[in-house]
Amino acid sequence: MMVIPGAAGPFFGRTGFGELPVGSVTAFAGTLGLPDSASPPATVSPTAYTTNPLEAWGWMVCDGRSLACVDYPELFAVLGYVYGGADDNFNIPDYRGYFLRGIGTGTRNDPDIGQRSKPPGGQGASDGVGSVQPFAVQTHEHTYNSAPAPSAPSPSGTAAGAPSVTSTPTKGGPVTGAGQAPPVQVSLNETRPLNVYVNYLIKFTYGLVPLLR
C-alpha cells in the first residue's frame, strides 16, 4: 500500500495557500474515458479514488451523483442539500448540457429572474445558486415590405390605380437574405450561441487523498 505524499490523513490533507476551494467548478477538455450516454453511479465512496485518476486529484464530474455525507464532509459542508439528497446522502450539481451563468440576485443582469426554478430535486432557492432557467428568445418582431396588391385600372389622371406597399410582420421562421450564404441555422428546440462540449468538474477535497494499493 502506498500513501500519496502530503496526505495528512486517510482521506483529507490540507495543501498550501492558493489551493482552489472545495466546491470550485472548472471546465475539463478530456473525455474521461466514458461514453456520452453513461449514467452516474447511484452512490460513490472514497474507494473510487483508486480507480479514477481524475478523482485521485480531488475532482469529479458534475453529473448529479449521490454521495455519502460522511465520506465527503468538505464538499457536503459547501453544498448541503442544495442539489438534492437527504439525511446521510447529498447530490452534486448536474451541469450536463447546461451553460453556466453568474447569479443575478440584486441586479438587472437577469431580467427574467422570476422565471427561474429551484435546482431539480434540490432544496436551493429559485433565485439562488443552482437554480435553472429555460431557454428563451427576447420579444422582437421582423417586418418586410409586402408585395403590391393588384389594382383595377383607373381613369387617366388619377392615382387610384397606384399600388401601395405596407410593412407586415413575418409569420414564418428566419430565412437567408437574397444572395447570402450560408443558410440560417434553425432549431425547433432551443436558441443557442456557437458552442463546444466540455466536462464540468467540481473540487471535492483540499488534498490528494486516496490510498493507492
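Student: How many salt bridges does a search of the whole structure find?

Tutor: The structure is a predicted model. Side chains of opposite charge can pair when their charged atoms come close. Applied to the whole structure, the search for salt bridges returns a count of six.

Student: Which residues are linked with Asp63 in a network of salt bridges?

Tutor: The network joins acidic and basic side chains, and Asp63 is one of its members. The residues linked with Asp63 are Glu55 and Arg65.

Student: Which arginines meet the side chain of Asp110 in a salt bridge?

Tutor: One salt bridge of Asp110 is with Arg101, at 3.5 Å from N to O. Another has an N to O distance of 3.2 Å and involves Arg116. The arginines are therefore Arg101 and Arg116, given that a salt bridge requires a side-chain nitrogen of Lys or Arg within 4 Å of a carboxyl oxygen of Asp or Glu.

Student: Is Asp110 buried or exposed?

Tutor: A residue counts as buried under 20% relative accessible area. Asp110 has a relative accessibility of 7%. Because 7% falls under that cut-off, Asp110 is buried.

Student: How do Arg101 and Arg116 rank, buried or partly exposed?

Tutor: Arg101 has 47% relative accessibility, which places this residue in the partly exposed class. For Arg116 the relative accessible area is 17%, and the cut-off for buried is under 20%. Arg101 is thus partly exposed, and Arg116 is buried.

Student: What is the N to O distance in the salt bridge between Asp94 and Arg96?

Tutor: Asp94 is partly exposed, at 33% relative accessibility. Arg96 is also partly exposed, its relative accessible area being 43%. Their side chains meet in a salt bridge with an N to O distance of 2.7 Å.

Student: What pattern does the protein chain follow along the sequence?

Tutor: The secondary structure consists of one helix and eleven strands. Reading along the sequence gives their order, which is β-β-β-β-β-α-β-β-β-β-β-β.

Student: In what order do three strands form an open sheet?

Tutor: β2 and β10 pair in the antiparallel sense over four bridges. β4 pairs with β10, residues 199-203, over three bridges, again in the antiparallel sense. The order in the open sheet is β2-β10-β4.

Student: Which strands stand at the edges of this sheet?

Tutor: An edge strand has a single partner, so one of its sides is left without a neighbour in the sheet. Neighbouring strands are turned by 40° against each other on average, direction ignored. The edge strands are β2 (25-28) and β4 (59-61).

Student: Which residues of β10 stand opposite Trp59 and Met60?

Tutor: Trp59 faces Lys203 across the pairing with β10. Met60 has Ile202 as its bridge partner in β10. The residues are Lys203 for Trp59 and Ile202 for Met60.

Student: Which residue of β10 stands opposite Thr26?

Tutor: Thr26 is found in strand β2 and is partly exposed, with a relative accessible area of 30%. Not counting residues up to four places away in sequence, Thr26 touches Trp59, Asn199, Tyr200 and Leu201. The residue opposite Thr26 in β10 is Leu201.

Student: What separates the C-alpha atoms of Thr26 and Cys62?

Tutor: Along the chain, Thr26 and Cys62 are 36 residues apart. In space, the separation of their C-alpha atoms is 9.8 Å.

Student: Which residues make a nonpolar surface patch of about 250 Å²?

Tutor: One member, Val25, has its place in strand β2. Val25 is partly exposed, at 34% relative accessibility, and a patch residue needs over 30% relative accessible area. The patch is made by Val25, Tyr98 and Leu100.

Student: What is the phi value of Asp87?

Tutor: Most residues other than glycine have a negative phi. Asp87 lies in the loop between β6 (85-86) and β7 (89-91), and is exposed at 64% relative accessibility. Its phi is positive, although the residue is not glycine, with a value near 55°.

Student: What share of the accessible surface of the protein chain belongs to carbon and sulfur atoms?

Tutor: Buried residues make up 25% of the 213 residues in the chain. The accessible surface of the chain comes to about 14,800 Å², and the share belonging to carbon and sulfur atoms is 57%.

Definitions and conventions:
Residues are numbered from 1 along each chain as its sequence is written. This is a predicted model: local features need pLDDT of at least 70, side-chain atom pairs count only at pLDDT 80 or more; totals for chains, interfaces and linings use all residues. Side-chain values use heavy atoms; hydrogens and water are left out. Two strands pair if DSSP finds at least two bridges between them. Helices (H or I, at least four residues) and strands (E, at least two) are DSSP runs, numbered from the N terminus. Axes are lines fitted to C-alpha atoms, for helices over the stretch in contact, and angles run from 0 to 180 degrees between N-to-C directions. Patches are made of residues with over 30% relative accessible area and no salt bridge: like charges are joined within 9 Å, nonpolar side chains (Val, Leu, Ile, Met, Phe, Trp, Tyr) within 5 Å. Accessible areas come from the Shrake-Rupley method with a 1.4 Å probe; for residues, only the protein chains shown count as cover. Buried means under 20% relative accessible area, exposed over 50%, partly exposed in between (1.4 Å probe, protein chains only). Contact means heavy atoms within 4.5 Å.
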